[in-house]
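Good morning, and thank you for joining. I would like to take you through the enclosed spaces of one model, and then its sheet.

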Amino acid sequence: MALTGLQIFKLLPKTNCGECGIPTCMAFAMKLAAKNADLAACPYASDEAKKIVGAASRPPIRLVKIGPPEREVAVGNETVMFRHEKTFVHPTAIAIAFGDDEPISEACHRIAEAREYCLERVGEKLRLDLILVDNFSEEVQPFAALVKTVAGATGMGVILRSANPAALEAGLRILEGQRPLIHAATPANAEAMAALALKYNASLVARAATLDELAALTRKLAGLGVKDMVLDLPAGNPASTLQNNTIIRKMALKNAYEPLGYPIINFAAGHDTVSVLADACTYMCKYASILVLDRMQLELLLPLMMLRQNIYTDPQKPIQVEPKLYAVGDPGPDSPVIATTNFSLTYFLVSGEIENSGVPAHLLIVESEGMSVLTAWAAGKFTGVKVGAAVKSCGVEKQLNRRRLIIPGFVAQISGEVEEALPGWEVLVGPGEAADLGPFLKRQAAR
Ligand code: SF4
């Protein structure tokens, strides 16, 4: 159970020495209670304090790591119901399922596709995280062969799904040291699955038909020594899955109910791609930690990757690019300088439009704490003085014969200030929307 600041304060030395970086023990206790500090920062904390505060600050949803160190996937450790309260921490891991009922030679190219899949968006590389190997054949040999192929070809973390303990053990032997996830322990096979998970240092999915059974199962598995678990509560339809996911999250976060304090795995499958996508998006929003897709389909992955990136971007830390001068095309001494903010989306939209226009330009990204143009201007982060200073410090002046600076149309009001800061420069007000930048640049180039 979480402790209050006052309860934590009573456990601290109360000397106000400040060595933790906070002036008083009370202020440090408040930060600990808000989970904004680590007790390790106080060199004088007693063993009793470490024990009590450590237990109280344990994450309400366990952090589970899957896969070999070089492609490790971490799920869980979430602390809020809604992204705007703070942030969601570990993005939903997307897994693609492969079955051992088809010849490996036929699955090989799709396995390679899963390995190679990479979507680059606003400077981030978005990839698949895990592979699920399904033991449809219910035999050991084809399952083991597919596990070996997947592990060797992708290097990604693997989820092993089988009802056959012998097949699971064969797969686990192949994946030794790679921390796979076993699917699944049920009330009927809990002891056998727990033994496998412990023997091969694997995480274990706990699967049950009802919430009560699931809680009883995780308690049992924990009693057998299994720590890293993932919850699977199958439901007949997406609405019930959504309801189950929400109840599990709420029980873990609001009631500190340990038996349900684990990440959740959901499965999206079916013939109709649009329905699969709708289900997958629903689960990703609330609160799938692992999402398994039954196919490697690009039109399914694109929206999911974008949705995941949007959900798991820290709302308090917008994605930013480095503030500096970028050459777009091959700008020369007569090319214009275009100034904008360092919000990633703004950078990629503006640089894309310049590139598409075929008119080379110097793109000056001004430090503005990752805000979009209007927000940055309203917050005093994108002013004429700041733009002028950025132009001077980036060294572009030395490269130019003709000094032309284009500022975004939404902040036309700072043009006078920019002119004052940059004597000898021609300051032009560009369009408000990036989409209009191409025609604007072409008109300027023709002048
Ligand atoms: Fe108090 Fe420890 Fe911080 Fe010193 S280092 S102010 S004793 S919490």
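Let me begin with the largest cavity, which is lined by 14 residues, with Cys17, Cys20, Cys25, Phe28 and Cys42 lying nearest its centre. A cavity here is a set of points, on a 1 Å grid over the protein atoms alone, where a 1.4 Å probe fits but cannot get out; a pocket is an open set with protein on both sides within 12 Å along at least five of seven lines; and lining residues have an atom within 4 Å of a point.

Please bear in mind that this is a predicted model, in which local features need pLDDT of at least 70 and side-chain atom pairs count only at pLDDT 80 or more, whereas totals for chains, interfaces and linings use all residues. Residues are numbered from 1 along each chain as its sequence is written, and side-chain values use heavy atoms, with hydrogens and water left out.

The volume of the largest cavity is about 90 Å³, a volume being the space filled by probe spheres set on grid points that are joined across faces, edges and corners. Its lining comprises nine nonpolar, four polar and one charged residues. In this scheme Ala, Val, Leu, Ile, Met, Phe, Trp, Tyr, Cys and Pro are nonpolar, Asp, Glu, Lys and Arg are charged, and the others, Gly among them, are polar.

What takes up the space of the largest cavity? It is the ligand, where sitting in a cavity requires more than half of a molecule's atoms to lie within 2 Å of its grid points. Around the ligand are residues including Pro13, Thr15, Glu19 and Pro43, each with a heavy atom within 4 Å of it.

The search of the whole structure yields three cavities of 30 Å³ or more. The second largest holds about 60 Å³, and among the residues lining it are Ile61, Arg249, Ala252 and Tyr287.

Ala252 also appears in the largest pocket, close to whose centre lie Arg58, Pro59, Pro60, Ala252 and Ala256, the nearest of 31 lining residues. This pocket has a volume of about 910 Å³, and its lining has 19 nonpolar, three polar and nine charged residues.

Finally, the sheet. Eight strands form an open, parallel sheet in the order S10-S9-S8-S7-S6-S3-S12-S11; strands are DSSP runs (E, at least two residues), numbered from the N terminus, and two of them pair if DSSP finds at least two bridges between them. Strands S10 (229-232) and S11 (265-268) stand at the edges with a single partner strand each, so one side of each lacks a neighbour in the sheet.

How values were computed
Helices (H or I, at least four residues) and strands (E, at least two) are DSSP runs, numbered from the N terminus.
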